[in-house]
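Where are the open spaces in this protein, and what surrounds them? The paragraphs below take the reader through these spaces and then through some of the strands.

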Amino acid sequence: MTIRQLRNYIDGRFEDGASTFDKHSPVDHALIAQAHEASREQVDRAVAAAHRALPAWAALPVVQRTDHLLALADGINRRFDDFLQAEIGDTGKPVSWAGQIDIPRGAANFRAFAELARTLDMESYMTDTPDGRQALNYAYRKPLGVVGVISPWNLPLLLLTWKVAPALAFGNTVIMKPSEVTPSTATLLAEVAHDTGLPPGVLNLTHGFGPGSAGEFITTHPDIDGITFTGESATGAAIMRAVAPGVKPVSFELGGKNAALVFADADFEAAVDGTARSVFANCGQVCLCTERVYVQRPIYERFVAALAEHARALRIGWPDDADTGMGPLVSREHRDKVLSYFALAREEGATVVTGGGVPVFGDARDAGAYVQPTIWTGLPESARCIKEEVFGPVCHVAPFDTEEEAIRLANDTRYGLGASVWTTDAGEQERCVEEIEAGQVFVNAMVASTAEMPFGGIKRSGYGRELSALGIREFCNAKGVWIA
Ligand code: NAD
């Protein structure tokens, strides 16, 4: 098998890095790629190239600029299978997931933001001036400038493009740094940019890690005008400190410890099915995944049993098998973290309803990063397993009696990303939506996102909004104009 070489893309040219780092398959730990780690000097040159490209890119008529985005979307679709294999290779996620979500939505992000850039409204008012005249006030949007995009490994192409697409659409130039765990699809995106004629310097790629590597070089660079980051809350805090001396805009999509509230009057089958999907989607590695489930007491025992049935029925398998429902975690390092929570849960007093270990296949997958879908009950609310994000295929289920108690439990977390509510009572739906502290609330639906709905967190889950017309604010400066 050839080991793919993943190079940096700077000022329209692919470059080796100062050193390389290995990418292993999470399925069987085989070496699949080597990524070229960018040096500080290479990041400096990428930033300089992005600055040189900025004036012409920002000045392009919006139709021409967004034509480039449409070409990027088409370019991804033309190489759909390359992207699909790269994403599956990096993450081990099932082809059913990557083929229906990651890659199509990676392309669709460019279309959605091209459309938004072409149709965006401008705010305008007539104002009375102090001297009795009238003034026209309006605000229009200027690009931030050179934007650093730092993305995580769980939905590598999807989350990278939902930052890169709006940044480019609104006239910014970009330095992107994908996660070191999933460097492949970003490299393909750079190839598509090259092949579709995106001007040199508009989109640059530097591979590497966080501290002491490309991540830190980007966040501390004096000539980067804004940072958009998705990843762990602790990393967000480190980046906030790093950008503070430059007083730069940052937008953060961070971790979660999302709750689902299941009321006794809910459509039982829909609630079980939706909750199972929300817990185990992408092996629990979606920031919106449910990790805390609270069920009203009359249906609690039945719900736990039914959810456990779903977990046991999940087909754990090879990612390229169309029937696989759950693949491995992204890496053996991440599996060690998840397994440490499996051990901690037992110490903290959990009852392991199902799972709690590592599946044995008797083939090459035993060297990979698989874990069993897992359900706990019986933990006290103070347990670390209830408080900390595990980011694996696991949830804790606990009973509640009243609506007030359910909302209090849902809000008893430092995070505030997503929450689900399962009930047929309209009043209950309304009060839960109103009182749950989260960036998005899903009613009788599994967790999801679309390009049209604003997406983001509160509390330690971040701030700023992505996607939708609100999301573009993160990539623009509004300039207010007053004409008397
Ligand atoms: P991570 O924070 O470890 O890494 C994310 C990115 O930041 C990587 O590219 C990494 O190299 C870089 N990085 C790490 N330290 C850095 C530093 N000091 N300076 C600059 N860059 C640095 O996150 P991860 O493990 O890749 O992703 C999983 C986490 O992301 C989970 O907590 C998950 O909840 C969160 N997440 C949140 C959302 C959301 O929208 N809220 C979406 C997906 C993932």
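What follows describes pockets, cavities and strand pairing in a predicted model.

The largest pocket is a place to begin. It holds about 1,000 Å³ of space. Its lining is made up of 43 residues, and those closest to the centre are Trp153, Ser179, Glu180, Val181 and Thr235. Several helices and strands give two or more residues to this lining: the strands are β4 (19-24) and β11 (226-230), and the helices are α7 (214-219), α8 (233-243) and α11 (332-347). By residue type, the lining of the largest pocket divides into 17 nonpolar, 15 polar and eleven charged residues. Two domains take part in the lining of the largest pocket, with at least three residues drawn from domain 1 (4-254 + 460-483) and at least three from domain 2 (258-450).

Where does the second largest pocket lie with respect to domain 1 and domain 2? Both domain 1 (4-254 + 460-483) and domain 2 (258-450) give residues to its lining, so the second largest pocket lies between them. Its volume is about 430 Å³. Of the 19 residues that line the second largest pocket, Trp97, Arg277, Ala281, Leu314 and Gly325 are the closest to its centre. Three helices give two or more residues each to this lining, namely α4 (95-119), α9 (268-280) and α10 (297-313). The residues lining the second largest pocket comprise eleven nonpolar, six polar and two charged.

Cavities come next. The model has three cavities of 30 Å³ or more. In the largest cavity there is about 70 Å³ of space. Lining the largest cavity are 14 residues, and Lys257, Arg292, Ala410, Gly418 and Glu437 lie nearest its centre. At least two lining residues come from each of the strands β13 (258-262), β18 (415-416) and β19 (418-422). The lining of the largest cavity divides into seven nonpolar, four polar and three charged residues.

Strand β4, already met at the largest pocket, also belongs to a sheet. This open sheet has three strands in the order β1-β5-β4, and its pairing is mixed. At its edges are β1 (4-6) and β4, each of which pairs on one side only. From one strand to the next the twist averages 25 degrees. Strands β4 and β5 (residues 31-37) run antiparallel and are joined by six bridges. Along this pairing, Thr20 stands opposite His36 in β5.

Another group of paired strands has β16 (residues 374-377) as a shared member. How do the strands on either pairing run relative to β16, parallel or antiparallel? Strand β15 (residues 351-354) runs antiparallel to β16, and three bridges join the two. In that pairing, Thr354 has Ile375 of β16 as its bridge partner. Strand β17 (residues 394-400), in contrast, pairs with β16 in the parallel sense, over four bridges. There, Thr377 has Val397 in β17 as its bridge partner.

Are the faces of β16 covered or uncovered? Both faces are covered: Thr374 and Trp376 are buried on one side, and Ile375 and Thr377 are buried on the other. Two of these buried residues have already appeared in the strand pairing: Ile375 is the partner of Thr354, and Thr377 is the partner of Val397.

Definitions and conventions:
Residues numbered from 1 in each chain as written. Predicted model: local features only at pLDDT ≥ 70, side-chain atom pairs only at ≥ 80, totals over all residues. Heavy atoms only, no water. 1 Å grid on protein atoms, 1.4 Å probe; cavity = no way out; pocket = protein on both sides within 12 Å on 5 of 7 lines; lining within 4 Å. Points joined across faces, edges and corners; volume = space filled by probe spheres on them. Nonpolar A, V, L, I, M, F, W, Y, C, P; charged D, E, K, R; others polar. Domains from an automatic or database assignment. Pairing = 2+ DSSP bridges. Axes fitted to C-alpha atoms, helices over the stretch in contact; angles between N-to-C directions. Buried < 20%, exposed > 50% of the residue type's maximum accessible area, 1.4 Å probe, protein only.
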